[in-house]
Amino acid sequence: MSIFIKNISKSFGNFTALDNVSLRVPDGTLLALLGPSGSGKTTLLRVIAGLELPESGTVYNDDQDITQQSARERKVGFVFQHYALFRHMTVAENIGYGLRVRNVPKPQVRERVDELLRLIRLDGLDSRYPGQLSGGQRQRVALARALAAQPKVLLLDEPFGALDAKVRQELRRWLRRLHDEIHITSVFVTHDQEEALEVADRIVVMNEGKIEQEGTPEELFERPRTPFVMSFLGDVNIFHGRVQNGRAVFSGMEAVFPEHPNPDVKPVCAYARPHELDIDRLPRDRQSLAATVRHVNSAGAVVKVELVLVDETVVQVSLSRDRYLELQLQQGDAVFVVPRQLRIFIADDWGASGSAGGTIRQDGARVNIRWQNAVA
């Protein structure tokens, strides 16, 4: 294991940033720390870097306890969101700065700088200054500077957060290709789920100073263990209901749910992503929910349709263009929503807003749908 974080806790005043967090980062992995603001992801990254000292717990690198080591002793490369380049230095001087302060001979510095300029595809720009570069080019220079001293671990804090959407997308692909070339153990922080799903080998979803779930992008997207992970990784529709005697019952539909065969009633939430729903003009023999089309966004390869159910629940559905053209949907049309699958979570209690909350009793169960004319 390249990095092992064991029982790390860190607070700032009365705010708990990390609450007994443990994490393993396999050697050569590109791992994303994903979560909302205040979830603890940046604090965890800074603890790994040695920029923050934990109040308790241990940080290991290749089985060596590095908890009390300084950032320089840890041999990590750190890339900040806003580049942090020296404006008065050229590209070459910025990249070679860390080597010069370590008294590396000038010929070796020049050789390493030239190697990195080729790696980041900025050959010939070595004499330019940061102000003469685009945002994407400056971020690549910052990355080259972090790699110059050949760190054991590369850490990136919202590396594309200051860039516009198109440049972000280009740099995401570039970072993935770069990692495939150099295979350095890398950890990057992001709040952008699309970015994490596209770039990372593994994703750690954090919330309120704890790890909600860790796994491959496919595992987290297809098999979320909590409502938070389900809702944070992509858009979701939520149906509120109850479970009893092996049945989860919602407004006008019923799902088989053998995970709760008991007669006691528990509140549940069923989650379905927009692409897991379909729309029909006619009811499917009680296997559909009556709805009204409120808005259609037909721009793009996927058509996004917003509907309102009879109980005033708002539902988002993503349709292929072929399906949309087949249905010829218009605002105000009466249609029927057909879920293809649901993920159901049981909660011990409900939040004040009526949404699922509290402690989750079990992993979300993906269930096939059996419908009946039921009322939740």
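The following exchange goes through one sheet and one helix of a predicted model.

Colleague: How many helices and strands does the secondary structure of the chain come to?
Modeller: The C-alpha trace spans about 80 × 50 × 35 Å along its principal axes. Within that trace, the secondary structure comes to 10 helices and 22 strands.

Colleague: Of the residues of the chain, what percentage count as buried?
Modeller: Among contacts between residues at least 6 apart in sequence, 66% join residues at least 24 apart. As for burial, the chain has 376 residues, and the share that counts as buried is 49%.

Colleague: Which are the edge strands of the open sheet with the order S2-S1-S4-S5?
Modeller: This open sheet has four strands, and their pairing is antiparallel. An edge strand here pairs on one side only, and that holds for strand S2 (15–25) and strand S5 (64–65). The edge strands are therefore S2 and S5.

Colleague: Which residue in S4 is the bridge partner of Lys6?
Modeller: Strand S1 covers residues 3–12 and strand S4 covers residues 56–61. The two run antiparallel and are joined by five bridges. For Lys6, the bridge partner in S4 is Thr58.

Colleague: Is Thr58 buried or exposed?
Modeller: Thr58 lies in strand S4. Leaving aside neighbours within four places in sequence, Thr58 is in contact with Phe4, Ile5, Lys6, Ile8, Asp65 and Thr67. The cut-off for buried is under 20% relative accessible area. Thr58 has a relative accessible area of 18%, so Thr58 is buried.

Colleague: Which helices do the buried residues of H3 pack against?
Modeller: Helix H3 takes in residues 91–101, and its buried residues are Val91, Ala92, Asn94, Ile95, Gly96, Gly98 and Leu99. In an α-helix, residues three or four places apart point the same way, because there are 3.6 residues a turn. The buried residues of H3 pack against helix H4 (106–119) and helix H5 (135–147).

Colleague: Is H3 oblique or roughly parallel to H4?
Modeller: The axes of H3 and H4 are 9 Å apart, and the helices pack at an angle of about 125°. An angle over 145 degrees would count as roughly antiparallel, and 65 to 115 as roughly perpendicular. The angle here falls in neither class, so H3 is to H4 oblique.

Colleague: How many residues of the contact of H3 with H4 are nonpolar, polar and charged?
Modeller: H3 contributes Val91, Ala92, Ile95, Gly96, Leu99 and Arg100, while H4 contributes Val109, Arg110, Arg112, Val113, Leu116 and Leu117. Gly counts as polar and Arg as charged. The contact thus divides into eight nonpolar, one polar and three charged.

Colleague: Is H3 roughly parallel or oblique to H5?
Modeller: The axes of H3 and H5 come within 7 Å and cross at roughly 30°. Angles under 35 degrees count as roughly parallel. H3 is therefore, with respect to H5, roughly parallel.

Colleague: What is the make-up by class of the contact of H3 with H5?
Modeller: On the H3 side are Val91, Asn94 and Ile95, which meet Val141, Ala144 and Arg145 in H5. By class, these are four nonpolar, one polar and one charged.

Colleague: Is the crossing of H3 and H4 right-handed or left-handed?
Modeller: H3 passes H5 in a right-handed crossing. The crossing of H3 and H4 is also right-handed.

Colleague: Which residue takes a positive phi just after H3?
Modeller: H3 covers residues 91–101. Just after H3, a positive phi of about 60° is taken by Asn103.

Methods:
Residues are numbered from 1 along each chain as its sequence is written. This is a predicted model: local features need pLDDT of at least 70, side-chain atom pairs count only at pLDDT 80 or more; totals for chains, interfaces and linings use all residues. Side-chain values use heavy atoms; hydrogens and water are left out. Buried means under 20% relative accessible area, exposed over 50%, partly exposed in between (1.4 Å probe, protein chains only). Contact means heavy atoms within 4.5 Å. Axes are lines fitted to C-alpha atoms, for helices over the stretch in contact, and angles run from 0 to 180 degrees between N-to-C directions. A crossing is left-handed if the near helix is turned anticlockwise from the far one by less than a right angle, and right-handed if clockwise.
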